[in-house]
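Visitor: Please take me through one part of this model at close range. Begin with a single helix, then work outward to what surrounds it.

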Amino acid sequence: MSTLTPPTPDAVTPAPVTLRGPVRVLLRVHRRPLQIVGAAAALGMLWMVGLSLWSDRSSADFAASGCSVEHTVPSCGTTVRDFLDGQMLLNDTQNQAALLLMVLPALVGAFMAGPVIARELESGTFRLSWSQSVSPARWLAAKLVAPAVLTVAVTSALAAVFAWFWSRDDDSFYARAWYEEFVYRSLGTVPVAHALLGLAIGTLAGLLVRRTVAAMATTVVASGLLLAAFDTVRFSLWPIRTDVAAIRSGYGVPTDSWSGAQGYVTTTGERLPAEVCQEPTGDILECLAPHGSSERYYDYHPASHFWPLQLVETGILLALAALAVFAAFRVLRRLHG
């Protein structure tokens with residue numbers, strides 16, 4: 001066979017299909033913002049750890065001083081004020097860390113929608129990748145893989161440090177409960193799932209809008225609306241526990257529970273709103289007698305419902321993220337084949 005004879009098709013070895021090259025290009029192009037985000041996350045975690053350790057020392061010194069917040073004497077004024085200032089700093093740091101984790105999905109989504117996806121489509125630089133044996137599907141997969149891995153790693157680390165920070169200081173003077181929105185959204189698996197959904201929304205928005213600023217704005221609005229929607233429905237994501245107790249029995253909802261609706265219940269099981277008997281004078285039982293009620297009901301989530309609520313919300317968020325990614329690939333295929 002002549003040296004100029006082309007090889008038969010059976011002799012041609014197809015090149016392996018990998019995402020290593022496109023991922024490396026993505027990380028190199030966006031290395032500066034990724035480095036800034038990583039440094040900011042590391043500084044935030046170090047600040048939480050350092051402040052928690054300092055708070056332990058401050059609390060121990062205050063306990064050894066013999067002073068009391070509830071029964072302050074003139075000689076303890078400065079000591080109590082310094083202690084409460086430290087507790088307020090602790091609370092403010094928790095709020096700021098929770099706020100960071102709350103806005104992280106929108107930031108991740110905006111990064112995907114604008115610089116990663118829409119800017120390439122808007123400027124036409126995606127054609128360079130597609131002309132170098134990189135199919136549109138591989139191009140989009142590479143755009144998703146690296147940010148997804150980094151998002152999971154950074155968000156998981158921040159959520160883990162925040163959980164440690166909050167659990168160590170949940171008995172502080174200004175402690176916040178696990179079910180408060182700022183705290184709940186920063187604990188467990190929910191912040192990671194929200195961040196992945198933000199990434200998926202940003203990818204879909206970038207492909208649909210194909211304008212950098214408009215795609216980023218669309219992603220931020222969509223992420224904010226979804227966050228508000230889950231805050232609204234979260235209480236009903238897991239079966240609520242209901243207790244019924246006789247009026248004036250001294251019953252109270254268990255400590256550290258997430259309280260919901262309260263009111264009165266009749267002998268037939270009908271619920272009456274709490275406002276049905278709120279006269280400033282007169283006996284409550286006499287007021288309820290015409291309604292056939294002598295008991296009060298309490299809807300709540302005990303602390304043991306934390307993980308069921310977390311896992312249900314996480315599952316819904318991941319399903320929505322998968323649906324958004326599927327839609328993104330369908331949009332890409334429809335636009336570019």
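Guide: Helix H7 has 20 residues, and its first and last C-alpha atoms are 28 Å apart. That is close to the 28 Å expected at 1.5 Å a residue, where the expected span is 1.5 Å times one less than the number of residues. Helices (H or I, at least four residues) and strands (E, at least two) are DSSP runs, numbered from the N terminus. This is a predicted model: local features need pLDDT of at least 70, side-chain atom pairs count only at pLDDT 80 or more, and totals for chains, interfaces and linings use all residues. Residues are numbered from 1 along each chain as its sequence is written, and side-chain values use heavy atoms, with hydrogens and water left out.

H7 is largely enclosed by the rest of the structure, because 17 of its 20 residues are buried. Buried means under 20% relative accessible area, exposed over 50%, and partly exposed in between (1.4 Å probe, protein chains only). After H7 comes Arg210, with a positive phi near 60°.

Now the core. H7 (190-209) is among the elements that give two or more residues to the largest nonpolar core. A nonpolar core is a set of buried Ala, Val, Leu, Ile, Met, Phe, Trp, Tyr and Cys residues joined through side-chain atoms within 4.5 Å. This one has 37 residues. Ile117, Trp139, Leu140, Phe162, Trp178 and Leu207 touch the most other members. The other elements giving two or more residues are H2, H3 (77-123), H5 (136-168), H6 (181-184) and H10 (306-336). H3 gives the most, with 10 residues. A separate core of 8 residues includes Ala193, Leu197, Ala321 and Ala324. In soluble globular proteins, nonpolar side chains tend to be buried together.

H10 comes next. Its 31 residues should span 45 Å at 1.5 Å a residue, and its end C-alpha atoms are 45 Å apart, which agrees. Buried residues of H10 include Phe306, Leu309, Leu317, Ala321 and Ala324. Gln310, Glu313 and Thr314 are buried there too.

Turn to H3. Leu101 lies in this helix. Leu101 is buried, at 5% relative accessible area. Setting aside residues up to four places away in sequence, Leu101 touches Thr155, Leu158, Ala159, Phe162, Ser186 and Pro191; contact means heavy atoms within 4.5 Å. Leu101 and Phe162 are 61 residues apart along the chain, yet their C-alpha atoms are separated by 9.4 Å.

Gln94 is in H3 as well. Gln94 counts as buried, at 4% relative accessibility. With residues up to four places away left out, Gln94 touches Phe162, Phe165, Trp166 and Asp169. Gln94 and Trp166 are 72 residues apart in sequence and 7.2 Å apart in space, C-alpha to C-alpha.

H3 also has an outward aspect. Leu107 is in H3. Leu107 joins Leu99, Leu100 and Val103 in a nonpolar surface patch of about 300 Å². Patches are made of residues with over 30% relative accessible area and no salt bridge; nonpolar side chains (Val, Leu, Ile, Met, Phe, Trp, Tyr) are joined within 5 Å, like charges within 9 Å.

H2 (residues 31-65) holds Ser52. Ser52 is buried, with a relative accessible area of 0%. Neighbours within four places aside, Ser52 is in contact with Trp164, Phe165, Arg168 and Asp169.

Last, the charged pairs. A salt bridge is a side-chain nitrogen of Lys or Arg within 4 Å of a carboxyl oxygen of Asp or Glu. The count by this rule is 8. In one of them, Arg57 pairs with Asp61, the closest N and O atoms being 3.6 Å apart. These two are 4 residues apart in H2, so about one helical turn separates them. Arg57 is exposed at 58%, whereas Asp61 is partly exposed at 45%.

Arg176 bridges to Glu180, with the closest N and O atoms 3.0 Å apart. Arg176 is partly exposed at 22%, and Glu180 is partly exposed at 27%.

Arg271 pairs with Asp299, closest N and O atoms 2.8 Å apart. This pair links distant parts of the chain, 28 residues apart: Arg271 in strand S3 (residues 271-273) and Asp299 in strand S4 (residues 293-301). Arg271 is partly exposed at 40%, but Asp299 is buried at 9%. Salt bridges with shared partners also join Glu181, Arg185, Asp231, Arg234 and Glu313 into one network.

Methods. Areas by Shrake-Rupley, 256 points an atom, 1.4 Å probe, with all protein chains shown as cover.
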